[in-house]
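Grab a pencil and work through these exercises with the structure open beside you. Try each task before you read its solution.

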Amino acid sequence: MNHGSKKTEVAIVGGGIAGLTAAIAFQKSGYTPVVFEAAEELKPVGAGLGLAANAIKAFDKLGIKEKVIQRGRVLPSFEIKDDKGKVIIHTDSRMVSAKYGLDNFTIHRSSLHEVLIGEVPKENLFTGKKCVDYRVGVRCGLKFADGSEYDADHVIVADGIHSQIRQKLVPDSKPRYAGYTCWRAVVDNRRLNIEHSYEIWGRKGRFGAVPLADDRLYWFATVNSEANNAQFKNFSVADLQEWFREYPSETVEIIASTSNDALIWNDIIDLKPIPRYAFDRVLLIGDAAHATTPNMGQGACQAIEDAAVLYDELMRGGLFTEIFQRFEKRRLKRTHFITNQSSVIGKVAQASNPIIMKLRNAFFRSIPAGIRDKQFEKLYQTDF
């Protein structure tokens, strides 16, 4: 199959999940991309990560599924409970996996990062390169905060929700605050011995626990708040124990097993869907294109899907501008749906009015399994 010149220079801005997975897609198609990462070292920020069946399918397409699976853990079920511990929704992950492929797979972000970095030649990875501007002439010129510049034929923008290139391309694409703030940590699971993942939806906020490989447990807590709340920003483990003291005792136990320096805090934000991802020789992917709230566990999954679709289109061939257009056509509707749906789920899950909560819980308990299956179908049926 003729792809034109194999020496086409592709620069990828951002060395996170989106950028590294896209680099793997280009390499597999016969190209040699270079990756520019803002951080001084390629060190993942974050804690646990859920990868659903659609992401595993994408990794399969890119030929690294087994390497990823070796580093994570498959969980037998997922539950949503109220703050008294009563089940609202129960999902048997094994049944979902049998139907759609491996589901409810969890991995530490750093483990996934290690797998992805291991696939990209070191000489093609550049750190300490924060992209602050770009220009398009005969080639695409990238300008970095350290004063250096780099020219490439094509640019893949994968530098996250605060991408300055996207801001320039789509001036009104401002990140938006979801209305709640979040704490996360990874703790030792040997004493806690938690085997299943679950979320608690209660009046004081949400609390979730997700077992990882190597006897570790990822937990998160989300609380309604105005943006950048100084009180919450400075919350300690003791403050969180106090905040969630009326939740099932296991909640307080998990929080108590955390050290203050292991706490990660941030406001939850997403990106209002934008109308375009392809701009001639520049393509937006991952959070730079479609950052979503974490309520469907699809943020990383959609970035990984992007790479699988990109690989598909690269293998179909044609000019890069055409490839980028075809990519956009396949990705807009799906990523918009997930961003919007996730935003709605977040609002529903964060409800704190007792009457609304009671109605919500009763409604979710009454949903037939067949309807829930349809939701999985929409999520897990990919076009690659």
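## Exercise 1: Salt bridges

Start with the total: counting pairs with a side-chain nitrogen of Lys or Arg within 4 Å of a carboxyl oxygen of Asp or Glu, you get 30 salt bridges. Keep in mind that this is a predicted model.

**Task 1a.** Find the salt bridge between Arg73 and Glu195, and say which parts of the chain it links.

*Solution.*
- Step 1: look at the two side chains; they meet with N and O 3.1 Å apart.
- Step 2: place both residues. Arg73 sits in strand 4 (residues 73-74), while Glu195 is in the loop between strand 13 (175-188) and strand 14 (197-202).
- Step 3: check the spacing in sequence. The partners are 122 residues apart, and the pair links distant parts of the chain.
- Step 4: look at the surroundings of Glu195. Its relative accessible area is 41%, so Glu195 is partly exposed.

**Task 1b.** Now take Asp306 and Arg331: how far apart are N and O in their salt bridge?

*Solution.*
- Step 1: the N to O distance between these side chains is 2.7 Å.
- Step 2: Asp306 belongs to helix 11 (residues 299-316) and Arg331 to helix 12 (residues 320-349), with their positions 25 residues apart in the chain.
- Step 3: use the cut-off, where buried means under 20% relative accessible area. Asp306 has 0%, so Asp306 is buried. Arg331 has 1%, so Arg331 is buried too.

**Task 1c.** Which residue does Arg330 pair with, and which network does the pair belong to?

*Solution.*
- Step 1: the partner of Arg330 is Glu313, with the closest N and O atoms 2.8 Å apart.
- Step 2: because Arg330 lies in helix 12 and Glu313 in helix 11, their salt bridge ties together parts 17 residues apart in sequence.
- Step 3: Glu313 has a relative accessibility of 1%, so Glu313 counts as buried.
- Step 4: follow the shared partners. One network joins Lys61, Asp312, Glu313, Arg316, Arg326, Arg330 and Asp383.

## Exercise 2: Packed helices

Two packed helices are described by the angle between their axes and the distance between the axes.

**Task 2a.** How do helix 11 and helix 12 pack?

*Solution.*
- Step 1: the angle is about 150° and the axes are 9 Å apart.
- Step 2: angles over 145 degrees count as roughly antiparallel, so helix 11 and helix 12 are roughly antiparallel to each other.
- Step 3: the crossing of these two helices is right-handed.
- Step 4: list who meets whom. Helix 11 contributes residues including Asp306, Val309, Leu310 and Glu313, and helix 12 contributes residues including Phe327, Arg330, Arg331 and Ile338.
- Step 5: sort the contact by class. There are seven nonpolar, two polar and nine charged residues.

**Task 2b.** Do the same for helix 4 (residues 93-100) and helix 14 (residues 369-380).

*Solution.*
- Step 1: here the angle is about 50°, and the axes are 11 Å apart.
- Step 2: that angle makes helix 4 oblique to helix 14.
- Step 3: the crossing of helix 4 and helix 14 is right-handed.
- Step 4: Val96, Lys99 and Tyr100 in helix 4 meet Asp373, Phe376, Glu377 and Tyr380 in helix 14.
- Step 5: by class, that gives four nonpolar, no polar and three charged residues.

## Exercise 3: Single residues

**Task 3a.** Is Asn189 buried or exposed?

*Solution.*
- Step 1: find Asn189 in the loop between strand 13 and strand 14.
- Step 2: its relative accessible area is 5%, so Asn189 is buried.
- Step 3: skip the neighbours within four places in sequence, and Asn189 is in contact with Arg73, Ile194, Pro211, Asp215, Arg216 and Leu217. You've met Arg73 already, as the salt-bridge partner of Glu195.

**Task 3b.** Where is Tyr198, and what does Tyr198 touch?

*Solution.*
- Step 1: Tyr198 is in strand 14.
- Step 2: with 5% relative accessibility, Tyr198 counts as buried.
- Step 3: Ser77 is 121 residues away along the chain, yet the two C-alpha atoms are separated by 8.3 Å.
- Step 4: leaving out residues up to four places away in sequence, Tyr198 touches residues including Phe78, Glu79, Phe207 and Ile254.

Methods: Residues are numbered from 1 along each chain as its sequence is written. This is a predicted model: local features need pLDDT of at least 70, side-chain atom pairs count only at pLDDT 80 or more; totals for chains, interfaces and linings use all residues. Side-chain values use heavy atoms; hydrogens and water are left out. Helices (H or I, at least four residues) and strands (E, at least two) are DSSP runs, numbered from the N terminus. Buried means under 20% relative accessible area, exposed over 50%, partly exposed in between (1.4 Å probe, protein chains only). Axes are lines fitted to C-alpha atoms, for helices over the stretch in contact, and angles run from 0 to 180 degrees between N-to-C directions. Angles under 35 degrees count as roughly parallel, over 145 as roughly antiparallel, 65 to 115 as roughly perpendicular and the rest as oblique. A crossing is left-handed if the near helix is turned anticlockwise from the far one by less than a right angle, and right-handed if clockwise. Contact means heavy atoms within 4.5 Å. Ala, Val, Leu, Ile, Met, Phe, Trp, Tyr, Cys and Pro count as nonpolar, Asp, Glu, Lys and Arg as charged, and the others, Gly among them, as polar.
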